[in-house]
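I opened a fresh page for this one and went through it piece by piece. Here are my entries, in the order in which I looked things up.

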Amino acid sequence: MNTNYSINELNQIAQKIIATSNHKILLFNGEMGVGKTTLIKEICSVLGFKETVSSPTFSLVNEYFISDNKIIYHFDFYRIENEEEALDIGIEDYFYSDHWCLIEWSENIKNLVPLNAVTINITVTDNNLRNIQLTQN
C-alpha cells in the first residue's frame, strides 16, 4: 500500500491497514510530528478502544484493553538508549502474545523486531498531506 491521505481520511486508512496487515506487529516510522501517534489513535479506535490513547514516551508501553480479552500494546521507543531496555520490559513476550503491537520509533529496537512485522512509513507531502507506505514481510 502506498497512498496519500488527509486527516479526514484517517479512519479509512486505519481500516485499510487493519484489513490488509498480515501480522499484528506494526512498526510506525517517520519524523517527529508526522502523525504516527495520530494514526495509532485511529487504529485503536477502529479496533474497538474508545478511551484516550496517548504516546507512552516515558513508560515505553501502554496497554489498551478491548473486547473479548484482546489487548493493544502501544510502544514508544524514542527515548531508549539501547535495545537492552526493551528486553528488560519483556518485549519478546509482547511480540509473541498474539495481541496487536503498535510500535513508534521501532528503528531503535531494529534487532529485536520479528521479521514478519508490518512496516508503515509516514512522510509529509508538499501539499501537507501524509504519504503512507506499508510494507509486509
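**Entry: the cut-off for burial.** Before anything else I wrote down the term I needed: a residue is buried when its relative accessible area is under 20%. C101 comes out at 0%, so I put C101 down as buried. I also noted for myself that this is a predicted model.

**Entry: the cysteines.** With C101 on the page, I turned to C44, which is likewise buried because its relative accessibility is 0%. A disulfide is a covalent bond between the sulfur atoms of two cysteines. For the search, the two sulfur atoms have to be within 2.5 Å. Which cysteine sulfur is closest to that of C101? I found C44, at 11 Å, which is too far for a bond. Asking from the other end, I got C101 as the closest for C44, again at 11 Å and too far. My disulfide count for the model is therefore zero under the 2.5 Å rule.

**Entry: the sheet.** Next I traced the strands. I found an open sheet of seven, ordered β1-β7-β6-β2-β5-β4-β3, and its pairing is mixed. Which strands stand at the edges? They are β1 (2-5) and β3 (61-66); each has a single partner strand, so one side of each has no neighbour in the sheet. I also looked up the twist: on average, neighbouring strands are turned by 20° against each other, direction ignored.

**Entry: one edge and its helix.** I followed β1 to its partner β7 (residues 130-136), and the two pair in the antiparallel sense over four bridges. Here N4 stands opposite N131 of β7. Then I checked what lies across this part of the sheet. Helix α1 (residues 10-20) lies across β1, β2 (25-29), β5 (100-104), β6 (118-124) and β7. The helix runs at about 5° to β7.

**Entry: β2.** This strand got a closer look from me. How many of the five residues of β2 are buried? Five of the five are. In a regular strand the side chains alternate between the two faces of the sheet. For β2 I could list both faces: I25, L27 and N29 are on one side, L26 and F28 on the other, and all are buried.

I then went through the partners of β2. With β5, the pairing is parallel and runs over four bridges, and I25 stands opposite C101, the cysteine from my opening entry. With β6, the pairing is also parallel over four bridges, and there N29 stands opposite N121.

**Entry: P114.** Between β5 and β6 I stopped at the loop that holds P114. Is P114 buried or exposed? At 10% relative accessibility, P114 counts as buried. I set aside the neighbours within four places in sequence and asked what P114 is in contact with: I25, F95 and Y96. So that I had a long-range reference too, I looked up T37, which is 77 residues away in sequence and 21 Å away in space, C-alpha to C-alpha.

**Entry: helix α2.** T37 led me to α2 (residues 36-46), where I listed K36, T37, L39, I40, E42, I43 and C44 as buried. An α-helix has 3.6 residues a turn, so residues three or four places apart point the same way. After α2 comes G48, and I noted its positive phi, near 110°.

**Entry: aromatic rings.** Last, I searched the whole structure for aromatic pairs and got seven. One of them is Y73 with Y94: the centres are 4.6 Å apart and the planes at 75°, so the pair is edge-to-face. Y73 is in β4 (residues 70-76) and Y94 in helix α4 (residues 91-95), 21 residues apart, so I marked the pair as a link between distant parts of the chain. Y73 is buried at 9%, and Y94 counts as buried at 15%.

Y94 also pairs with F75, with centres 5.1 Å apart and planes at 85°, so this pair is edge-to-face as well. F75 belongs to β4 too, and here the separation along the chain is 19 residues. F75 is buried, with a relative accessible area of 0%. I closed the page with the cluster that the ring pairs link together: Y73, F75, F77, Y94 and F95.

How values were computed: Residues numbered from 1 in each chain as written. Predicted model: local features only at pLDDT ≥ 70, side-chain atom pairs only at ≥ 80, totals over all residues. Heavy atoms only, no water. Pairing = 2+ DSSP bridges. Axes fitted to C-alpha atoms, helices over the stretch in contact; angles between N-to-C directions. Contact = heavy atoms within 4.5 Å. Buried < 20%, exposed > 50% of the residue type's maximum accessible area, 1.4 Å probe, protein only. Phe/Tyr/Trp six-rings, centres within 6.5 Å; stacked < 30°, edge-to-face > 60°.
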